[in-house]
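The following exercises ask you to reason from a fold to its individual contacts. Please keep the sequence and the coordinates at hand, and try each task before reading the worked solution beneath it.

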Amino acid sequence: MLNQEVYDKVTAAFAAKFGGKPAAVAYAPGRIEVLGNHTDYNEGFVFSAAIDKGTFFAASPADDDTVTLVALDINGGETYSCKLADVKKVESGSTWANYPLGTFNWLFDGEPAKAGKGFKAVFGGNIPLGAGLSSSAALEMSTVLALAKIYGVEKDKTTLAKIGQKAEHTFAGCPCGLLDQASSLYGKEGALVKSDFRTCEFENVPMGDAVAFMMVKSNAKHALVDGAYASRRQACEDAAKYFAGVLRHPVTHLRDVSTAEWVLYRGGLPETTAKRAIHPIGEDERVLQGAVLLEKGDVAGFGSLMFDSHESSRNWFENSCEELDTIVDAAKAIPEVLGARLSGGGFGGSCCLLVRPEAADKIAAQITQAYKTAYGDEPTCAVIKPSAGAHLVNA
Ligand code: GLA
């Protein structure tokens, strides 16, 4: 469904359910992660891009203290409703409500009663779920923009991103970094977002028309709430503590450790922790190298770093899986694919390919064939245009 169609559907459903026009409508896109995996919570660097699909969140203030949420894409329009005083994590049933509820909660610093009145909202989108395209961050960022507007709350973009991240941590149960929310807010048409998660500086880097991205969605499960993501994050934090003790310069996160230091001192770490640690350390170095290559227009060099990134996931961080490896291996054999790697948390989900756009159909056909031969079913391939970030839309 096109974005305009989603907008029409959301505003029509709002009119049907609540009558009239919403006071605010916000749009927020999903994201692809291009280079720099599991670096965000290690205060490192990432290249990402906002995609051309997203979520629309239409809202108006309520007359009383009731919060009403309608999720158009769940069971044909599921509704969740509670009083301001009862805004808290939904433990079972309509757990989808945790994303907008948690965002609302943290927009008011954990005291939703401060909002004074409730709100009524309808949301819907066109990001495929479970594909590793951050549909949850798109929901959080469209929620936060629309609610900030209707309650007259003014906050800068990075603070808004952190509100969504806090909703993930406390309401949705995923200890994610800030990548997904920041990419959704700072995206720009035709450009990558280069993020520094220590300084929270977000820069747009133009990509040019000679290359495009293709996302290939495996059919392997992608669930970040089930502990694998959290255990990787814990290993990184343990390793940072160790390096803080053995290196003579300050270390608070793996961002502060180089590959050379890891080689020298890894012996003091348990084997698995050492394996996990080298992934974000190497990814930071690849992102910085990638920035230099992009500046020189060396897209092939940039693509090679994407292949290296996947090898690091496969061998060290072990957040790949057979299906994603099959996609990357098939991609490697196609000359018009310049780079390929898993995108996002891992353990299933999608791969991000850097491709020559004129060969997109051939690439999709060859990868589909290789995947089908291995697993019997077909992956979903889509060319992705780096697109504008989240914004308010006229209601
Ligand atoms: C998920 C998380 C992000 C980031 C990526 C891996 O998408 O939500 O914060 O950690 O995984 O880079």
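**Exercise 1: Strand pairing**

A58 stands opposite V122 in strand 5. Bearing in mind that this is a predicted model, work out which strands pair with strand 2, in what direction they run, and how many bridges join each of them to strand 2.

*Solution.* Begin with the pair just named: strand 5 covers residues 119-125, and 7 bridges join strand 5 to strand 2 in an antiparallel arrangement.

Next, turn to strand 1, residues 24-35, which also runs antiparallel to strand 2 and is joined to strand 2 by 10 bridges. In this pairing, the residue that A24 stands opposite is A59 of strand 2.

Then consider strand 6, residues 191-196, where 4 bridges make the connection to strand 2, again with the two strands antiparallel. Here F45 faces D196, a residue of strand 6.

Finally, ask how many of the residues of strand 2 are buried. Strand 2 spans residues 45-61, and 14 of its 17 residues are buried, so that the strand is described as mostly covered.

**Exercise 2: A salt bridge within one helix**

Find the salt-bridge partner of R286, and decide whether the two residues are buried or exposed.

*Solution.* As background, side chains of opposite charge can pair when their charged atoms come close.

The partner of R286 is E283, and the closest N and O atoms of this salt bridge are 2.7 Å apart. Both residues belong to helix 8, residues 271-295, and because they are 3 residues apart, they are separated by about one helical turn.

For the accessibility step, the cut-off for a buried residue is a relative accessible area under 20%. R286, at 13%, is therefore buried, and E283, at 0%, is buried as well. To place this pair in context, the structure holds 21 salt bridges.

**Exercise 3: Salt bridges between two helices**

Determine which residues form salt bridges with K332 and with D325, and which helices these pairs tie together.

*Solution.* Start with K332, whose side chain meets that of E311 in a salt bridge with an N to O distance of 3.5 Å. Because K332 lies in helix 10 (residues 322-332) and E311 in helix 9 (residues 299-317), this pair ties together parts that are 21 residues apart in sequence. K332 is partly exposed, with a relative accessible area of 40%, and E311 is partly exposed at 26%.

Continue with D325, which forms a salt bridge with R314, the closest N and O atoms being 3.8 Å apart. D325 lies in helix 10 and R314 in helix 9, so this pair ties together parts that are 11 residues apart in sequence. D325 counts as buried at 15% relative accessibility, whereas R314 is partly exposed at 23%.

To complete the picture, salt bridges that share partners join E311, R314, D325, D329 and K332 into one network.

**Exercise 4: The surroundings of Y229**

Establish where Y229 lies, and which backbone atom its side chain reaches.

*Solution.* Y229 lies in helix 6, residues 228-246, and with a relative accessibility of 6% Y229 counts as buried. Although Y229 and C176 are 53 residues apart in sequence, their C-alpha atoms are 8.1 Å apart in space. The side chain of Y229 reaches the backbone nitrogen of G177, at a distance of 3.3 Å.

Note on methods
Residues are numbered from 1 along each chain as its sequence is written. This is a predicted model: local features need pLDDT of at least 70, side-chain atom pairs count only at pLDDT 80 or more; totals for chains, interfaces and linings use all residues. Side-chain values use heavy atoms; hydrogens and water are left out. Buried means under 20% relative accessible area, exposed over 50%, partly exposed in between (1.4 Å probe, protein chains only). Two strands pair if DSSP finds at least two bridges between them. A salt bridge is a side-chain nitrogen of Lys or Arg within 4 Å of a carboxyl oxygen of Asp or Glu. A polar contact is a pair of N or O atoms within 3.5 Å; within protein, one must be able to donate a hydrogen and the other to accept it, and residues adjacent in sequence count only if both atoms are side-chain atoms.
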